[in-house]
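Trainee: I'd like to learn how to read pockets and packed helices. Could you walk me through it?

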Amino acid sequence: LLLTHLYAELASGKCFICCWLWRCLTVSWRELVTVKRWKRSAFTSPFTTARRAMKPHPTGRLKTLQVFVSDIDELLRVGEAGQEQRDLEVAVLKGSLAVQTFPTSDAGLLQDLLLLAGSQRIDSLHSRRKGVIERWQKTARASKGLWYQITAPFLARPVVINADSDYHADDADQWVQVERYVRGEIEDLGGHSRPNAHIRLPDGKSLTVATDREMLRSDKVNRLYKQAMVRITAEYNVVTRDYRNARLLEFVEHDNRFDEREFKRLTDRGALAWAGVEEAGAWVDEQRGNESRGSGA
Amino acid sequence: LIAFLVDTSFLITLADPTRRHHSIAKAYFQEALRRGTPMYLSVIAAAEFQVRQSVTDLPLRNFEVLPFNIDHAMTTGLLTLELTR
């Protein structure tokens, strides 16, 4: 949140404090600690703090900060009060990479934090928060000395995610292989080492599907920034409804033109094929094992 | 209209010109194409159509095929449960 604000302010050149913050960020993390001290004095009513350890030295890549801030944003924004949370004020704290929020009235967030403090089973968490916690747990396991901590006055003890913790969901492995037809706008195609296609779905989400280099090479249609129908395979989580390892099988040619010749072929053959069927609706009902309703065309 | 989900009886009526409502079905079909309204074809309806006529006779480029998978099976089960309560 802070970074997003920072970039926005920098771009507009309006905010002296943010410009100063930017200078500190570009120098080093140590410099950032100075900023933390300054910011802390402005926040005397701490509520919820999320912390990511940066041991042994408070240095790191800017990307780490971006990812962490993005995770915090995701933790805070889900739920009914999602819109409101965008304006939530945060502070950067001294020590580890940490973000502190003012009090919030989001009941969903409070409930999820209480759940986290009480158990390491995270099935009941909101799916987006669950995703963040799963990512943190995975990262903490992969990197010794790295830990995450969430504290709040109403929590009896802090939520600590480290190499020894085991925050997990029992539904996490409910992945099945599915095939889908997906329509969307192709925003990117290709790539050097891992060729893929970025598809903007009608709901605004972006889906990345791995592609075959040869398929793209032999495709004669320029599909970039156009609507397309694609057939994909993917692993689909029947509980969380997430996709992963999506792979493009083919571009499906979709046509909105009425082809009179094709339609005549359909009806010529259809007249013979359905000659013995009196009522279409009744015939379909029979196929489905239902009693005929005696209706239909 | 956002989209159509075409059922088997519609496909039969569209394919067989001797049906009473064939011209209406054809008009709906053409109007959907003209408006660019997606027409979804469930693979279940396709299977039923295939009983008497090949699915490849249909103008498949005009349809968007809807596969049936494990998640659809789960939803169907829950829907059936609700309907039978």
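Mentor: Let's go through a pocket and then some helix pairs, keeping in mind that this model is predicted.

Trainee: How is empty space found, and how much of it lies in the largest pocket?

Mentor: The general idea goes like this: rolling a probe the size of a water molecule over the atoms shows where empty space is left. In this model, the largest pocket holds about 1600 Å³ of space. It is lined by 43 residues, and the closest to its centre are A:Lys205, A:Tyr236, A:Arg241, A:Asp242 and A:Tyr243.

Trainee: Which helices and strands supply at least two residues of that lining?

Mentor: From chain A, look for helix H7 (127-142) and the strands E6 (175-190), E8 (206-210), E9 (227-237) and E10 (243-252). Chain B adds strand E3 (64-66) and helix H4 (70-84). H7(A) gives the largest share, 6 residues.

Trainee: And what classes of residue make up the lining?

Mentor: Sort them and you get 19 nonpolar, 9 polar and 15 charged residues.

Trainee: OK, on to helices. At what angle do H1 and H3 of chain B pack?

Mentor: Two packed helices are described by the angle between their axes and the distance between the axes. Here, helix H1 (residues 8-15) and helix H3 (residues 43-50) of chain B pack at about 45 degrees, with axes 9 Å apart. That angle makes H1(B) oblique to H3(B). Their crossing is right-handed.

Trainee: Which residues meet there?

Mentor: On the H1(B) side, find B:Thr8, B:Leu11, B:Ile12 and B:Ala15; they meet B:Ala45, B:Glu48 and B:Phe49 in H3(B). By class, this contact has 5 nonpolar residues, 1 polar and 1 charged.

Trainee: Why is H1(B) called roughly perpendicular to H2(B)?

Mentor: H1(B) and H2(B) pack at about 105 degrees, with their axes 8 Å apart. Since angles from 65 to 115 degrees count as roughly perpendicular, that is the label H1(B) gets relative to H2(B). B:Phe10, B:Thr13 and B:Leu14 of H1(B) make the contact with B:His22, B:Ala25, B:Lys26, B:Tyr28 and B:Phe29 of H2(B). Those residues divide into 5 nonpolar, 2 polar and 1 charged.

Trainee: What about H9 of chain A and H2 of chain B: how do their axes cross?

Mentor: Helix H9 (residues 260-273) of chain A and helix H2 (residues 22-35) of chain B cross at roughly 145 degrees, and their axes come within 14 Å. This crossing is right-handed. A:Glu260, A:Phe263 and A:Thr267 in H9(A) meet B:His22, B:Lys26 and B:Phe29 in H2(B). The contact has 2 nonpolar, 2 polar and 2 charged residues.

Note on methods: Residues numbered from 1 in each chain as written. Chains lettered and ligands numbered in written order. Predicted model: local features only at pLDDT ≥ 70, side-chain atom pairs only at ≥ 80, totals over all residues. Heavy atoms only, no water. 1 Å grid on protein atoms, 1.4 Å probe; cavity = no way out; pocket = protein on both sides within 12 Å on 5 of 7 lines; lining within 4 Å. Points joined across faces, edges and corners; volume = space filled by probe spheres on them. Helix = DSSP H or I, 4+ residues; strand = E, 2+ residues; numbered from the N terminus. Nonpolar A, V, L, I, M, F, W, Y, C, P; charged D, E, K, R; others polar. Axes fitted to C-alpha atoms, helices over the stretch in contact; angles between N-to-C directions. Parallel < 35°, antiparallel > 145°, perpendicular 65-115°, else oblique. Left-handed = near helix turned anticlockwise from the far one by under 90°. Contact = heavy atoms within 4.5 Å.
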